[in-house]
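Here is my note on the model, point by point. Please keep the structure open while reading.

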Amino acid sequence: MMVMNEAHLLNTRGQNFRVDFQQIGWVCTRLEHRIPMIAVTTTLHVGGPTNRVRKLLEFKGGRHHVIRRSSYRPDIKLIFRATRSGL
């Protein structure tokens, strides 16, 4: 399995982002779909941004699934405290 985290960077950084990332789709098409691929992100918007990433990764219609989940996690609480001394 090939897993790519932060897939939204393909959209936000565009052609200037690492050439290796831009060739992931090319590599996957050469593997004859024997190796499943997962692209993960929580910030990719529906429509144009998602379509651009699909194109770069060469995800073909009907051969991939898009699963959308919210990144909202009400059970996680961030606590910030000022330190009184250095470590």
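1. Is Val 66 buried, partly exposed or exposed? Val 66 is partly exposed, because its relative accessible area of 42% falls between the two cut-offs, which are under 20% for buried and over 50% for exposed. Bear in mind that this is a predicted model. Val 66 sits in the segment after helix 4. Its C-alpha atom is 9.5 Å from that of Thr 50, and 16 residues separate the two along the chain.

2. Thr 50 belongs to helix 4. With a relative accessible area of 7%, Thr 50 is buried. Set aside neighbours within four places in sequence, and Thr 50 is in contact with Leu 44, His 45 and Arg 68. So Thr 50 is buried, whereas Val 66 is partly exposed.

3. Ile 67 is also worth checking. Ile 67 is in the segment after helix 4. At 66% relative accessibility, Ile 67 counts as exposed, because that value is over 50%. The C-alpha atoms of Ile 67 and Val 40 are 9.7 Å apart, with the two residues 27 places from each other along the chain.

4. Now the overall layout. The protein chain has four helices and two strands. In sequence order the pattern reads β-α-α-α-β-α. There are 87 residues in the protein chain, and buried residues make up 17% of them. Take contacts between residues at least 6 apart in sequence: 64% join residues at least 24 apart.

5. Next, the core. Nonpolar side chains tend to be buried together in soluble globular proteins. Here the largest nonpolar core has nine residues. They are Met 4, Ala 7, Leu 10, Ile 24, Cys 28, Met 37, Leu 44, Val 53 and Leu 57. Met 37 is a good entry point for inspection. Leaving out neighbours within four places in sequence, Met 37 is in contact with Met 2, Ile 24, Cys 28, Leu 57 and Phe 59.

6. Cys 28 is one of the residues of that core. Cys 28 lies in helix 3. Its relative accessibility is 13%, so Cys 28 counts as buried; the cut-off is under 20%. The C-alpha atom of Cys 28 is 9.2 Å from that of Phe 59, and the two residues are 31 apart along the chain.

7. What is the volume of the largest pocket? About 940 Å³ of space lies in it. The largest pocket is lined by 32 residues, and the closest to its centre are Ile 38, Ala 39, Phe 59, His 65 and Val 66. Three elements each give two or more residues to the lining: helix 3 (24-30), strand 2 (37-40) and helix 4 (48-56). Strand 2 gives the most, with four residues. By type, the lining divides into 14 nonpolar, eleven polar and seven charged residues.

8. His 8 deserves a look. His 8 lies in the loop between strand 1 (2-5) and helix 1 (9-12). Its relative accessibility is 15%, so His 8 counts as buried. The side chain of His 8 makes a polar contact with the side chain of Thr 43, at 3.3 Å. Not counting residues up to four places away in sequence, His 8 touches Thr 41, Thr 43 and Leu 44.

9. Check the backbone at Glu 6. Most residues other than glycine have a negative phi. Glu 6 is not a glycine, yet its phi is positive, at about 60 degrees. Glu 6 lies in the loop between strand 1 and helix 1. At 36% relative accessibility, Glu 6 counts as partly exposed.

10. Last, Thr 12. Thr 12 is found in helix 1. Is Thr 12 buried or exposed? Thr 12 counts as exposed, because its relative accessibility is 55% and the cut-off is over 50%. The C-alpha atoms of Thr 12 and Val 53 are separated by 9.7 Å, and the two residues are 41 apart along the chain. Val 53 is listed in the largest nonpolar core.

Methods
Residues numbered from 1 in each chain as written. Predicted model: local features only at pLDDT ≥ 70, side-chain atom pairs only at ≥ 80, totals over all residues. Heavy atoms only, no water. Core = buried A, V, L, I, M, F, W, Y, C linked by side-chain atoms within 4.5 Å. Buried < 20%, exposed > 50% of the residue type's maximum accessible area, 1.4 Å probe, protein only. Contact = heavy atoms within 4.5 Å. 1 Å grid on protein atoms, 1.4 Å probe; cavity = no way out; pocket = protein on both sides within 12 Å on 5 of 7 lines; lining within 4 Å. Points joined across faces, edges and corners; volume = space filled by probe spheres on them. Nonpolar A, V, L, I, M, F, W, Y, C, P; charged D, E, K, R; others polar. Polar contact = N/O pair within 3.5 Å; in protein donor to acceptor, adjacent residues only side chain to side chain.
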